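Hi,

Here is the structure I promised to pass on to you. Please open it alongside this note, and my findings follow just below.

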There are 2 protein chains.
Amino acid sequence: MKRVSLKDIAKLVGASPSTVSFILNGKASQMRISDELKNKVLATAKKMGYQPNQVAVSLRTGQTKILGLLVEDISNNFFASLAKTIEEEAEEFGYKVVYSSTENNSKKGVELLRMLTQRQVDGYLITPTVGMEEDIEMLARHKKPLVLMDRYFPGIEAPYVQVDNKGAVEKGMEHLVEKGYKKIAFITIESPMIQMRQREEAYLDAIAKSSAQKKKLILKVNYSGGRETAIEQITDFLKKQQPDAVFFATNYLGILGLESIRAISLSIPKDLAVVCFDDNDIFRLHLPGITVLQQPVEAIARTAIHILMQQLGNSKVPVKKNQVQLAANLIVRQST
Amino acid sequence: MKRVSLKDIAKLVGASPSTVSFILNGKASQMRISDELKNKVLATAKKMGYQPNQVAVSLRTGQTKILGLLVEDISNNFFASLAKTIEEEAEEFGYKVVYSSTENNSKKGVELLRMLTQRQVDGYLITPTVGMEEDIEMLARHKKPLVLMDRYFPGIEAPYVQVDNKGAVEKGMEHLVEKGYKKIAFITIESPMIQMRQREEAYLDAIAKSSAQKKKLILKVNYSGGRETAIEQITDFLKKQQPDAVFFATNYLGILGLESIRAISLSIPKDLAVVCFDDNDIFRLHLPGITVLQQPVEAIARTAIHILMQQLGNSKVPVKKNQVQLAANLIVRQST
DNA sequence: TCCTATGGCTAAAACGTTTTAGGTCAGTGT
DNA sequence: ACACTGACCTAAAACGTTTTAGCCATAGGA
């Protein structure tokens, strides 16, 4: 039982493939095809269960209607939510999404990018990683439809959408200072990527501005050794520095942090206040609830797609800006 | 700056496209192409940055090297983890993955399935939903490479991989009974899908076998009204029935459950023991930790891909069985 | 000298569409 | 009788590959 092709239909009704193509693409009247033939074709197409071969269409039209999505880790809540909304939005415009996790591995990221190019995706949605700078620049130079998310490369002129990292950390730090914490630590990872730089910078600014706290307390967790060693680093740091509040720079650090805090039996918020970047069921359900800076994930995804669609010429309303920062939302819970 | 095609290279080196194709596909010696020409072609291909147009290759060969993955909700931890491993495994075999969330909406699921067919995916990985029975049967009848995951349709002869639901619930119930709980409730959703039927059945069996508990206590949450009303249903049920232990049939029910339990200020495990299907960071980090039946997510994904690859003729070692149930893992924490 | 084998390559069809540039025929006006 | 118009339809090229079936030299053997 082979698939029915457009030619098969043509043969069946005794018309040419061109005519059938016009009819099936709704150009019948434009091409002045008689209603009689039109209906006949439509009827047989339906009866035979005709489905156009999208691969052939793509080859001919040069459009695949596929977007490539590269995220750091699809199983991380933040990226999964991002992916979900992106897929939903893309569907609205008739696009499908191919996704891949880069695992923050530059080599893999670059390979995936190449693969997407081979697959002729119409546009790229990327959370870039360290080694991808050159390839991204290539894409930008070749004017490929492209949006970066969550981070970007300062040297490269490409559209991006991210949360306002500085504003977010600022908001969080202000909240902690207001609550009277005087020894606020910042736990982050060693990363040259802009979003982490922005978060750290905002912490340093907040300390510089503060009258109550003079000393910065930063831990850069080395995650390469796995969960266990990461938790060790955090517990060591907490034991040694004894902060009265700690700000985790990402959701997975927050989770590791909570495990670490539990491991050394500190009580939140009595011994230690906690604020974390990114919301997550875990932080909401934790006892006590963890104060977070919630990223506007859906808005980020939506904005990204709209910027991309504009580049693809699919948008009704032109987007004004294509380098966007969206405000985070401080959700105060019992941890502070 | 246009993409370089195989023809371009052919013209440049003064050979025919066929020859270039043979060389680039490593069939040079087989086709007795001289080393001289071979090296020249390889060099120019590299210099020009040639990347084969995968769309054209697909049209010609009939293989897209793309798998279609349909899950219920990609932002749910279980499905996201599944997706991640599937993608990793698929990559090993040179396949990419297109994913979509069905949202448990049969109409959407069916549409997505059609779309995947149009896109000529080489194989399907599906967590089917209620309305998809006919379409799945179609695929199976047309001998399309296909694996169902997490659930299946008893009437349809198609490969599937799922956790051993009955065994898992049985294990969980035994654990609760051993611990001396005598009024164990089971909170599930109203769903005709097999995996939920199996879980419920196992609960009923356990009660039937039990000497301590005669009465079944089942709540079927109606999730259509959103989070709030779902929590209301659970709190009402808990207040009215006053069970001493509760078994949540899915991870999102577990999360809703924890919120409900908190809302009515019950203490775990003093007032109420909790067991949940599916593990998750939340259950591990919750205070107290929640006892769970962890699904072997990676194994499920891996098995599914292997079964699919076998159908696609890519597997070294033939898979023996293509309807597989994998055992769950009881992780006892402080909630019981 | 002719025949055959072999080495080195290529022509052309095919995959399933879309689209450009017509083609044919009947009727109308002059 | 002839050109023109309009209605209806189609031929053929093109997208970028892969693959089958062979072509053309040259060398070696009879």
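H4(B) gives the largest share of the surface near DNA strand D, four residues. Please keep in mind as you read that this is a predicted model.

Staying with DNA strand D, 28 residues surround it, and the closest are A:Thr19, A:Ser34, B:Leu6, B:Ser21 and B:Arg60. Two of these residues have side chains that reach phosphate oxygens of the strand: an N or O atom in the side chain of A:Thr19 is 2.7 Å from one, and a polar side-chain atom of B:Ser21 also lies 2.7 Å from a phosphate oxygen. There is a base contact to look at as well, where a polar backbone atom of B:Ala56 is 3.5 Å from a base nitrogen of DNA strand D. The elements that give two or more residues to this surface are H2 and H4 of chain A, together with helix H1 (6-13), helix H2 (17-24) and H4 of chain B. By class, the surface near DNA strand D has twelve nonpolar, eleven polar and five charged residues. Of the atoms of this strand within 4 Å of the protein, 54% belong to sugar or phosphate, and the rest belong to bases.

Now to the other strand. DNA strand C is surrounded by 28 residues, with A:Leu6, A:Ser21, A:Arg60, B:Thr19 and B:Ser34 the closest. For B:Ser34, a polar backbone atom is 2.5 Å from a phosphate oxygen of DNA strand C. A polar side-chain atom of A:Lys27 lies 3.0 Å from a phosphate oxygen of this strand, while B:Ser18 has a polar side-chain atom 3.2 Å from a base nitrogen. Two or more residues of the surface near DNA strand C come from each of H1, H2 and H4 of chain A and H2 and H4 of chain B. Here H4(A) gives the largest share, four residues. The surface divides into twelve nonpolar, eleven polar and five charged residues. Of the atoms of DNA strand C within 4 Å of the protein, 56% belong to sugar or phosphate and the rest to bases.

H4(A) turns up again in the second largest pocket, where H4(A) provides the largest share of the lining, five residues. About 1,000 Å³ of space lies in this pocket. Its lining has 34 residues, and those nearest its centre are A:Arg3, A:Gln51, A:Pro52, A:Asn53 and A:Ala56. Both chains take part: helix H1 (6-13), helix H2 (17-24) and helix H4 (54-61) of chain A each give two or more residues to the lining, as do helix H4 (54-61) and helix H6 (106-118) of chain B. What classes of residue make up the lining of the second largest pocket? The lining has twelve nonpolar, 14 polar and eight charged residues.

Lastly, have a look at a sheet in chain A. This is an open sheet of six strands in the order E7-E6-E8-E9-E10-E12, with mixed pairing. Strand E7 (217-221) and strand E12 (329-331) are the edge strands, each pairing on one side only. On average, neighbouring strands of this sheet are turned by 20° against each other, direction ignored. Strand E10 (residues 291-294) pairs with E12(A) in the antiparallel sense over three bridges. Within that pairing, A:Gln294 has A:Asn329 in E12(A) as its bridge partner.

Over to you, and happy viewing!

Best wishes

Note on methods. Residues numbered from 1 in each chain as written. Chains lettered and ligands numbered in written order. Predicted model: local features only at pLDDT ≥ 70, side-chain atom pairs only at ≥ 80, totals over all residues. Heavy atoms only, no water. 1 Å grid on protein atoms, 1.4 Å probe; cavity = no way out; pocket = protein on both sides within 12 Å on 5 of 7 lines; lining within 4 Å. Points joined across faces, edges and corners; volume = space filled by probe spheres on them. Nonpolar A, V, L, I, M, F, W, Y, C, P; charged D, E, K, R; others polar. Near = heavy atom within 4 Å. Polar contact = N/O pair within 3.5 Å; in protein donor to acceptor, adjacent residues only side chain to side chain. Pairing = 2+ DSSP bridges. Axes fitted to C-alpha atoms, helices over the stretch in contact; angles between N-to-C directions.
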